[in-house]
Structures are given as structure tokens and as C-alpha cells.
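Work through the following exercises with the sequence and the three-dimensional model side by side, and attempt each task before reading its solution.

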Amino acid sequence: MEQRTSPTLGGDENVLTGLQRVRRTAKEKKQERFTTLLHHVTIDLLRESFLSLKKKAAPGVDGVTWEEYEQGLEDRLQDLHDRVHRGAYRAQPSRRIYIPKADGRQRPLGIAALEDKIIQQAVVTVLNEIYEADFLGFSYGFRPGRSPHRALDALSVGIVRRRVNWILDADIRGFFDNMNHEWIDRFVQHRIADPRILRLIRKWLKAGVSEEGEWSETKVGTPQGAVISPLLANIYLHYVFDLWVDAWREKIAKGNLIVVRYADDLVVGFQHRAEAEQFLMEFKERLAKFELELHKEKTRLIEFGRHAEEDRAKRGEGKPETFMFLGFRHICGTRKKTGTFTVLRRTDKKKMRQTLLRIEQTLQARMHDRPAKLGAWLKRVLLGYYQYFAVPGNTPVLSAFRYRLQLRWRHVLQRRSQRGRFSWRCFGRLCDRWLPTPKILHPYPEQRFNALYLR
């Protein structure tokens, strides 16, 4: 059990000192169960949690927005703090909405009430100090100081530098919707023994969802979109997958094995096909123990690596298959200057079409905005798109995205007037002003990887 901080926690310095003590204890005592954690959820931490939330996020079932809650903030936080520490706080159900997926299906999202978000963010801040000492290096999703691009870098470097010939691209069917509450509770209790923290987590899991005014109970799963969900997902897979695959690599694998996981999106690379097939079979059995299963259509074992193209050519087979990870299609390729093997990354066409469709819908809705206003909005959208997808080698796809965006914008501008076509010359000046051309914003994977992990 970690020592208590001073009962007069009144400033950021004291809060930080208390959380640092939690992390140090978690790092030094891997089997320690923390019995007193809720006192770290102070008014100062609640304020920081509130300020970290998105101001324009949709409200939950309470209908309270960020701007409304900001009015009289200190009194609201004092009341919330008192209710949490007295045990009088009650979690509200999540408001369920649906967003379209790339395959045409609908993904359910749960929007929590604002006070639930504040408390969840505060608890996540405290628990991160413990679990960041426990989580393994190949886990990248929703962790402080980590990002999708660091996961992408690690995967590319691993495939290029290690003897990887086979890739398991695994998809866990409906992971967030099928997480077992009892297993969540058991996994959390490996490290957390504070009954008040455990009660809070149970309240959030059992709060249910509200859809079109109708409440329904949640017996399994955790809402995608809830602040606490990514941490609970990481805890779940830490015990179900991470520790297990780490032991499998040490005790069973004879050849090279690489792992990269971003939340429930994971890729495993193998040197030998037989080990890959054995792993896949045992992985299915492992998931079944925790009431999970792999998506049959989306889980594939493919030949991929520096020798894949040559070996397949000898057998009279086509080019190596590709796989998707974090929005990029990964392709076996060679560097133009050296002719050495590399992993090419291209924007997923489905995601690009989906993004263009959303932009087109917004353009239609804002058809009568001034061109300069629409141009300023499109510039922000395009720069945000580049910020994620502008990786080395992806420039042709980014240029194609910009061109298709131009066509959609021009179509909307033409519909604004009855006087005829919108000339390309005039439109070209608009595009030159508002639609930036693509530039590579990320270094090569090995450059960033070496800078972070050079030994």
C-alpha cells in the first residue's frame, strides 16, 4: 500500500507529488495492491480533468455542455468532489449514437454525461500512474506519450530489421462490446484494492445506455467513447494478450516474433510459418477463455517480408498480400535508391472514400457559405488529414485526395449559381489560396524509432 499524502492537498505541486509516489511504488512493487487512491482525486485534479475535455463535444443524457458547466465551475466541482467522496455520486447512462464504419455498418458510440467524463478522466489520471509501470512496450493505444505513428514506426522497423516472413493481422470481433464485466473486475483487482475506486468502475460499467429515451442494461462491454473505456480495454488485453504473448515468445517461439498492439488492433510477425499457425490456433483458444473470438473474415495469416516476393515468384504465385493497420495499407516494397527491402504505407482507400463522403456532405450543407469561408474550413480539414497520413512514400495518394476534394468543392460552387459553369481559372486561384499541396510531415520510421529507442 502506498503512503498517504498530506491531508491538506491544496495545490498542483502536492497533487503531482502524490501521483509520483504512486508511480514509484507501482514500478518498484509489481505485486502491490493499492488500497488508498481516491484521495488523489482532488478538486484541482477535477478542474484539470474538466479543462482537458473537448469543449465542443456532444452532451450526454443530462444535456449539459462544457460551456454551461463552466458557469459556476468552482461550486460545481466542489459539489461533485463531495458527492464522490461521500459515495453519493451516481453514474448516468451513456447516450448511444451510431457512426458509419468503412464497411458500411454502424459503430455504436456511448456519450457519457459531462460529470461522468470529469470523474472518469480524473480516475484515469490516477490509474495511469500504476498501469504505465505495468503495460508492456509493444502496447501503444491510448497511452500517455504514445501515438499511432509510434506504433506504425515500430511495426515497420520490426518487419524490416527482424527475420519476419509471415504476418498475422488479427481482429477481435466486437471487442469493446464483449468485454466481460467479471473479468474486468478481476483484472483491475490485481492492482487496485481501493473499494471506492472499484465501486466507481462498477457503476460506470452498470450504468447502461439510453437510446431514443429508452434505458437498457449493459451486462457486457464498455461504451466506445467513454473516457474510462480505453484504459479498461488496455487492462483487459494486458492480461488476456500481452503477458501471454510475451511468455509465448520466450518459452515457445524458436524463430523471431514481433508484436505491435494499438488497443484491440494487433499485428504479430513470425519467422516461421509453422509457429505462426500454432500461435493462431492457441490464440483462438486463449481468447475463448475470456469470452472473446477472432473475426474470421478480418483475421488473416499472410506471407509478408523481405523474401516474400522472391519466394512467391519461385512458386509461380502473385505478389505478396497486403494488410491494414491504423488506416494504412502495408505493402512489400524496395527503396528506389538502394534497392533494399522496405515496407510501403498507403492510405486505406476505404477510409479515404469515407472521409471524402463526410466532407461532401458538409459541403452540401454549407453550399451557400462564402467561398472564402468554405476554403478556410477545407484548409483546416486538409491540414488535419495531412497531419496523420503524410508519411514518406504516401505523397501520390495525398495528391489524389486533394484532387478529389477539389472536384467536390467545384461541384458545390457550380450549383450555387444559375449563370453557368464556374471557370477552372477562377477555381484554380481559390484552390491555390486555400488547399495546400501535400508535404511529408513525418520522418522515415527508422529515424524516429532510433531517436526514441537508440541503445
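**Exercise 1: a four-stranded sheet**

Ala170 stands opposite Leu266 in E7; identify the strands that pair here, and place them in their sheet. The model is a predicted one, in which local features need pLDDT of at least 70 and side-chain atom pairs count only at pLDDT 80 or more, while totals for chains, interfaces and linings use all residues. Residues are numbered from 1 along each chain as its sequence is written, and side-chain values use heavy atoms, with hydrogens and water left out.

Solution. Begin with the pair itself: strand E3 (residues 166-171) and strand E7 (residues 265-270) are joined in the antiparallel sense over six bridges. Strands here are DSSP runs of type E with at least two residues, helices are runs of H or I with at least four, and both are numbered from the N terminus; two strands pair if DSSP finds at least two bridges between them. Next, extend the view to the open sheet, whose four strands follow the order E6-E7-E3-E8 with antiparallel pairing. Strand E6 (257-262) and strand E8 (300-303) each have a single partner strand, so one side of each is left without a neighbour in the sheet.

**Exercise 2: a three-stranded sheet**

Determine which strand order the open sheet of three strands has, and which strands lie at its edges.

Solution. The order is E9-E10-E11, and the pairing is antiparallel. The edges are strand E9 (323-325) and strand E11 (341-347), each of which pairs on one side only. Turning to the contact between E10 (residues 328-334) and E11, one finds seven bridges, and Ile331 faces Leu344 of E11.

**Exercise 3: the length and cover of a helix**

Compare the span of helix H6 (residues 148-161) with its expected value, then decide how many of its 14 residues are buried.

Solution. The expected span is 1.5 Å times one less than the number of residues, and for the 14 residues of H6 this gives 20 Å, which agrees with end C-alpha atoms that are 20 Å apart. For cover, buried means under 20% relative accessible area, exposed over 50%, and partly exposed in between (1.4 Å probe, protein chains only). Eleven of the 14 residues of H6 are buried, including His149, Arg150 and Asp153.

**Exercise 4: two residues in other helices**

Classify Gln354 and Tyr403 as buried, partly exposed or exposed.

Solution. Gln354, found in helix H13 (residues 349-365), counts as buried because its relative accessibility is 15%. Tyr403 belongs to helix H15 (residues 395-415), and its 46% relative accessibility makes it partly exposed.
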